[in-house]
Amino acid sequence: MHVRRRFRPTQLAAAGLVAVIVAAPSAVDASAGPVARAVAKVSLNITVDQALANRQTTPTIVPNGGTTTLSKPSFIAGAVITSSGPDPVGVHMRFELPPGLRWGSDAPDPSENCTGTATVGDCRTSADLDPNQFRGDAGWAWNVVADAPGSYVLKAEIVETSTSDTDPTDNSSSVTVVITGSGNGSGSGVTTSAVKLSPAAPRAGSVVVARVRVTSGGSPIRPTKPSCSAKVGAVAISGSAHATIGTATCALRTKKGMSGKTLRGTLIFTAGGTRIVKHFAAKLH
């Protein structure tokens, strides 16, 4: 299963979740005059769906002003942009999280032609949208986690297009997501912290420890079946996973020649009957 949570022109993918969207290209009127052919109409919607481990489902396209109710605090959210042509167009899009929501195990990154902050994904299409070449739509999607149940407004907007847009009134969208579940982590009541690395600024050749706190109902619990692995570039690094009451850890020994490279790892464990996957990354100094 493709695990990179990135929405390609016809595919939205996530760990444990794969949804395929096939959008028919917009019809192009061959008789349109030169003025009509010189512009591209771009519209924007937000894709929001719940991320369920080991289950496949189809994302819901939520129109501007719409509301979606989700039972779990971890879900997939992103933006879909569509061009009705007739000319090719490159698009610069921004996606914004409100207070109380944060990126989960996947966030905007350069591999998706995006830059990201704690609450914003700033992305550009890697190729022009062109309905004539069956590339009329594109988009992105990431894992989002709510800190608590509540109502949250997700915002997306088209910042810039390489070809003039005939109708900029549909270039922004706001969608309300209502989270009815309780706490972070899983629906079982288990709460997990973000991954904390020790040392915070690891050095190449040292041992790096990734640690996650695990509680249920406010009390620490002991996770089971811990495992972990990591890579620095294409080089795999074996990890030693361990669990104690309230904590799951992964110890990784890096090599001195890895200075300046990024360590990317995964810590997996079970708590409250739920399999939990935590990703982490750090640049080695």
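**Buried residues, strand partners and cores**

Student: Let's start with Thr163: is this residue buried or exposed?
Tutor: Happy to, and keep in mind that this is a predicted model. The relative accessible area of Thr163 is 14%. Because the cut-off for a buried residue is under 20%, Thr163 counts as buried.

Student: Which backbone oxygen lies 3.0 Å from a polar atom of the Thr163 side chain?
Tutor: First find Thr163 in the loop between S13 and S14. A polar contact needs N or O atoms within 3.5 Å, and the 3.0 Å here fits that limit. The oxygen comes from the backbone of Pro88.

Student: Now to the strands. How many residues of strand S11 are buried?
Tutor: S11 covers residues 120-124, five residues in total. The strand is largely enclosed by the rest of the structure, and the reason is its count of buried residues: four.

Student: Which residue of S11 does Arg94 stand opposite?
Tutor: Look at strand S8, residues 91-96, which pairs with S11 in the antiparallel sense over five bridges. Within S11, the residue opposite Arg94 is Asp122.

Student: And on strand S10, which residue stands opposite Cys123 of S11?
Tutor: S10 spans residues 114-116 and pairs with S11 in the antiparallel sense, over three bridges. A hairpin of three residues joins S10 to S11. Opposite Cys123 stands Cys114.

Student: Let's turn to the nonpolar cores. Which strand gives the most residues to the largest one?
Tutor: That core has 26 residues, and Phe75, Ile81, Phe95, Leu101 and Leu154 touch the most other members. Strands S7 (74-86), S8, S9 (101-103), S12 (137-146), S13 (150-161) and S14 (172-179) each supply at least two residues. With five residues, the one that gives the most is S12.

Student: How many residues are in the second core?
Tutor: This core is separate from the largest one. Among its members are Ala204, Val214, Cys228 and Leu263. Its residue count is 23.

Student: What about backbone geometry: is the peptide bond from Ser198 to Pro199 cis or trans?
Tutor: Pro199 sits in the loop between strand S16 (196-198) and strand S17 (207-216). Omega of the bond from Ser198 is near 0 degrees. The bond is therefore cis.

Student: Is Asn113 buried, partly exposed or exposed?
Tutor: You will find Asn113 in the loop between S9 and S10. Its phi is near 65 degrees, a positive value in a residue other than glycine. A relative accessible area of 39% falls between the cut-offs of 20% and 50%, so Asn113 is partly exposed.

Student: What is the relative accessible area of Lys225?
Tutor: Lys225 belongs to strand S19, residues 224-232. Phi of Lys225 is positive too, near 50 degrees. The residue is exposed, which calls for a value over 50%, and its relative accessible area is 67%.

Student: Stepping back, what share of the residues in the protein is buried?
Tutor: The protein has one helix and 23 strands. Its accessible surface comes to about 13,700 Å², and 52% of that belongs to carbon and sulfur atoms. Out of 285 residues, the buried share is 44%.

Student: Among contacts with a separation of 6 or more, what percentage joins residues 24 or more positions apart?
Tutor: Here the count takes in contacts across the protein, with heavy atoms within 4.5 Å. Residues 24 or more positions apart account for 67%.

Notes: Residues are numbered from 1 along each chain as its sequence is written. This is a predicted model: local features need pLDDT of at least 70, side-chain atom pairs count only at pLDDT 80 or more; totals for chains, interfaces and linings use all residues. Side-chain values use heavy atoms; hydrogens and water are left out. Buried means under 20% relative accessible area, exposed over 50%, partly exposed in between (1.4 Å probe, protein chains only). Two strands pair if DSSP finds at least two bridges between them. A nonpolar core is a set of buried Ala, Val, Leu, Ile, Met, Phe, Trp, Tyr and Cys residues joined through side-chain atoms within 4.5 Å. A polar contact is a pair of N or O atoms within 3.5 Å; within protein, one must be able to donate a hydrogen and the other to accept it, and residues adjacent in sequence count only if both atoms are side-chain atoms. Accessible areas come from the Shrake-Rupley method with a 1.4 Å probe; for residues, only the protein chains shown count as cover.
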